[in-house]
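Please examine the structure shown below. The paragraphs that follow take up its cysteines, its nonpolar cores and its sheet in turn.

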Amino acid sequence: NSRLLVEELMILTGTILGLHCFQQNIPIIYRVQPQTKLPPEDTNIEKEVFQSYLKRVLKKAFYSCSPGEHFSLSSYRYLHCTSPIRRYVDLVVHRQITSSLNGDISYNQYELSEITSHINLKSSENLSKYRNEQKEFSITWFQNKNSCYWKTYFIKWIKKSEEIVVLRFQDIESDITCVLR
């Protein structure tokens with residue numbers, strides 16, 4: 001599959017450049033995702049449902065000026081670098097590496113820290129906006145349905161004592177926190 005090959009090469013490129021920057025003491029922005037303890041994949045669960053579950057339990061990746069592990073990619077000192085037209089962080093990485101090859105740096109550690117903080121904040125704000133839009137869409141969808149029954153898959157307990165769960169609603173391909181009654 002050519003798409004998979006391209007994805008793997010992008011990850012390899014980010015890992016190699018991250019290692020290079022670390023070894024050469026080039027200040028850079030890394031992509032970090034803390035480790036998460038995962039249950040073994042249950043072969044009786046549909047792949048889509050398990051993927052939905054993973055999205056819920058994996059810790060959020062973020063940008064950092066310090067190298068660290070990217071758990072989902074099984075990589076250490078990984079950085080984004082393959083999409084400088086689409087992602088600003090990639091452009092910053094390109095500028096920093098190019099200037100280091102010319103014996104200079106484009107950004108000092110303080111400037112990179114400021115960029116990192118700003119991007120992480122905007123990412124969090126965008127995620128919040130997306131979740132609110134999804135919530136509004138779900139509310140509208142339920143209001144327009146004349147049914148009390150929907151096809152769902154159990155994802156996980158949030159608070160078992162109060163019967164609060166996350167369910168995957170197939171019709172809208174969305175995970176929703178619900179109270180069982």
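Cys-81 has a relative accessibility of 5% and therefore counts as buried, where buried means under 20% relative accessible area, exposed over 50% and partly exposed in between, with a 1.4 Å probe and protein chains only. The model is predicted, so local features need pLDDT of at least 70 and side-chain atom pairs count only at pLDDT 80 or more, whereas totals for chains, interfaces and linings use all residues. Residues are numbered from 1 along each chain as its sequence is written, and side-chain values use heavy atoms, with hydrogens and water left out.

Cys-65 is likewise classed as buried, because its relative accessibility is 19%. The search of the whole structure finds zero disulfides, a disulfide being a pair of cysteine sulfur atoms within 2.5 Å. Cys-81 is in no disulfide, as the nearest cysteine sulfur, that of Cys-21, is 8.8 Å away. For Cys-65 the closest cysteine sulfur is also in Cys-21, but at 12 Å it is too far for a bond.

Cys-21 reappears in the largest nonpolar core, which has 18 residues; Cys-21, Ile-28, Ile-29 and Val-93 have the most contacts inside it. A nonpolar core is here a set of buried Ala, Val, Leu, Ile, Met, Phe, Trp, Tyr and Cys residues joined through side-chain atoms within 4.5 Å. Two or more residues of this core come from each of strand 1 (30-32), helix 3 (88-101) and helix 4 (109-144); helices (H or I, at least four residues) and strands (E, at least two) are DSSP runs, numbered from the N terminus. Helix 3 gives the most, with four residues. Leaving aside residues up to four places away in sequence, the residues that Ile-29 touches include Tyr-63, Leu-79, Val-93 and Ile-115, with contact meaning heavy atoms within 4.5 Å. A second, separate core of eight residues includes Phe-50, Tyr-53, Tyr-153 and Ile-155.

Phe-50 and Tyr-53 are also among the buried residues of helix 2 (residues 47-57), together with Val-49, Ser-52, Leu-54 and Val-57. The cover over these buried residues includes strand 5 (152-159), strand 6 (164-169) and strand 7 (174-179).

These three strands form an open sheet in the order 5-6-7, with antiparallel pairing; two strands pair if DSSP finds at least two bridges between them. Strand 5 and strand 7 stand at the edges with a single partner strand each, so one side of each lacks a neighbour in the sheet. On average, neighbouring strands are turned by 30° against each other, direction ignored. Helix 2 packs on the sheet and touches strand 5, strand 6 and strand 7, its direction making about 25° with that of strand 5; axes are lines fitted to C-alpha atoms, for helices over the stretch in contact, and angles run from 0 to 180 degrees between N-to-C directions.

Strand 6 is largely enclosed by the rest of the structure, because six of its six residues are buried. Ile-164, Val-166 and Arg-168 are buried on one side, and Val-165, Leu-167 and Phe-169 on the other. Six bridges join strand 5 to strand 6; Phe-154 stands opposite Leu-167, and Trp-157 opposite Val-165. Strand 5 and strand 6 form a hairpin with four residues between them, and Glu-163 in the turn has a positive phi of about 55°. Strand 6 is joined to strand 7 by six bridges, and Phe-169 stands opposite Ser-174. Their hairpin has four residues between the strands, with a positive phi of about 50° at Glu-173 in the turn.
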